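Q: I'm new to this one, so could you walk me through it step by step?

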Amino acid sequence: MKHSIRASAAAALGVVAGVGLTGCAGAAEVGSRLLPEDVPTNAGELFSGTEEIVVDGRSVNVSCSGVPVPGEPVVVLLHGGGDDLTTMADLQETLSADARVCSYDRLGAGGSDQPDGPQDYDDIGETLTGVLDEVALGGPVVLAGHSMGGLIAARYAPDHPDRVHGLVLLDATSPTAIADLKDRIPESATGPAAELRAQTLAVFAGENPEQLVFTDGEVRSAGDIPVQVLQHGQRYLAEVPEYGPGLEEDWTAGQEAWLAVSSESGLATAENSGHYIHVDEPEVAVEAIERVTAQAAG
């Protein structure tokens, strides 16, 4: 699906632009499929379809499909800011033909409860931990996050090496997004760039549905887990008047910075994709996730 330049730029930079994606089918329900005999007995506790679970007293909307593959991590998809799990539904359905795959709405998104107030990365991480307890029963996972979801996944992984055995970052928000924007578009800017700057900084300050307050920081290492960083190839940010080419430079630098999250990281470009790589070139996202999952299984 095509997005306007302003909407795509806003989504990439973390702004909630009110962009809705169509054509995303609901998560595939495979509850009738039988579990292989060699799947651990507690796999019977795993659900398929969409359910509401409770994490720290808050209702969280979760979707799971596919059956566990012995020895392989569960794949968990993290949607971008201003989106919900429906934007990952087609990707989930494709991947779940050969694996167990889950997604969820973070607090403030989709069908989940609202947060009690402003959230930081630790708050977001506590909800993610509760989801992983439910969908992976404490076992290993591969996190695949888009945009803000990629930022969250990469911040979470270094603190949870027992859980996160692989990462796929789909055009993830830069680890230095706030400083990048302030440096690139000055406060004296006018016109569309000024609007984008003000809107984005407001979102970074917590004016978003999830009330996440963004903070910049160095990329911390999650060890030697397999990591694939995928960046967009269609340079839509370059079309922002005056400052666009610089925004593209900053975005590329941010993707390169995420490579430090692991000594086994790789960077690739989805040449025909805008910000929503998993929508524009789903086969590229699928290949990356399947490859990282296989590497994580060792």
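A: What follows is a short talk about one helix and some charged pairs in this model, which is predicted.

Q: Okay, let's start with α5. Which of its residues are buried?

A: Helix α5 runs over residues 177–184, and the buried ones there are A177, I178, D180 and L181.

Q: Where do those sit around the axis of α5?

A: They cover an arc of only 165° around the axis, so they lie on the same side of α5. As a general point, an α-helix has 3.6 residues a turn, so residues three or four places apart point the same way.

Q: And what covers the buried residues of α5?

A: The cover includes two other helices, namely α6, which spans 191–204, and α7, which spans 244–257.

Q: Changing topic to charges: how many salt bridges does the structure hold?

A: The structure holds 7 salt bridges. In general, side chains of opposite charge can pair when their charged atoms come close.

Q: Which residue of α7 meets R184 in a salt bridge?

A: The side chain of R184 meets that of E249, with 3.9 Å from N to O. This pair links distant parts of the chain, since R184 belongs to helix α5 and E249 to helix α7, and the two are 65 residues apart.

Q: Is R184 exposed or partly exposed, and what about E249?

A: R184 counts as partly exposed at 29% relative accessibility, whereas E249 is exposed, with a relative accessible area of 52%.

Q: Which residues are linked with R184 in a network of salt bridges?

A: The network of salt bridges links R184 with E249 and D250.

Q: What about R220, which side chain does it meet in a salt bridge?

A: R220 forms its salt bridge with D159, and the N to O value for this pair is 2.9 Å. Here too the pair links distant parts of the chain, 61 residues apart: R220 is in the loop between α6 and β7 (226–232), while D159 is in the loop between α4 (148–156) and β6 (164–170). Both ends are partly exposed, with a relative accessible area of 37% for R220 and 45% for D159.

Q: One last pair: how many residues apart are E287 and R291 in helix α9?

A: E287 and R291 are 4 residues apart in helix α9, which covers residues 282–297, so about one helical turn separates them. Their side chains meet in a salt bridge of 2.9 Å, N to O. E287 is partly exposed at 41% relative accessibility, and R291 is also partly exposed, with a relative accessible area of 30%.

Technical notes: Residues numbered from 1 in each chain as written. Predicted model: local features only at pLDDT ≥ 70, side-chain atom pairs only at ≥ 80, totals over all residues. Heavy atoms only, no water. Buried < 20%, exposed > 50% of the residue type's maximum accessible area, 1.4 Å probe, protein only. Arc of directions from axis to C-beta. Contact = heavy atoms within 4.5 Å. Salt bridge = Lys/Arg side-chain N within 4 Å of Asp/Glu carboxyl O.
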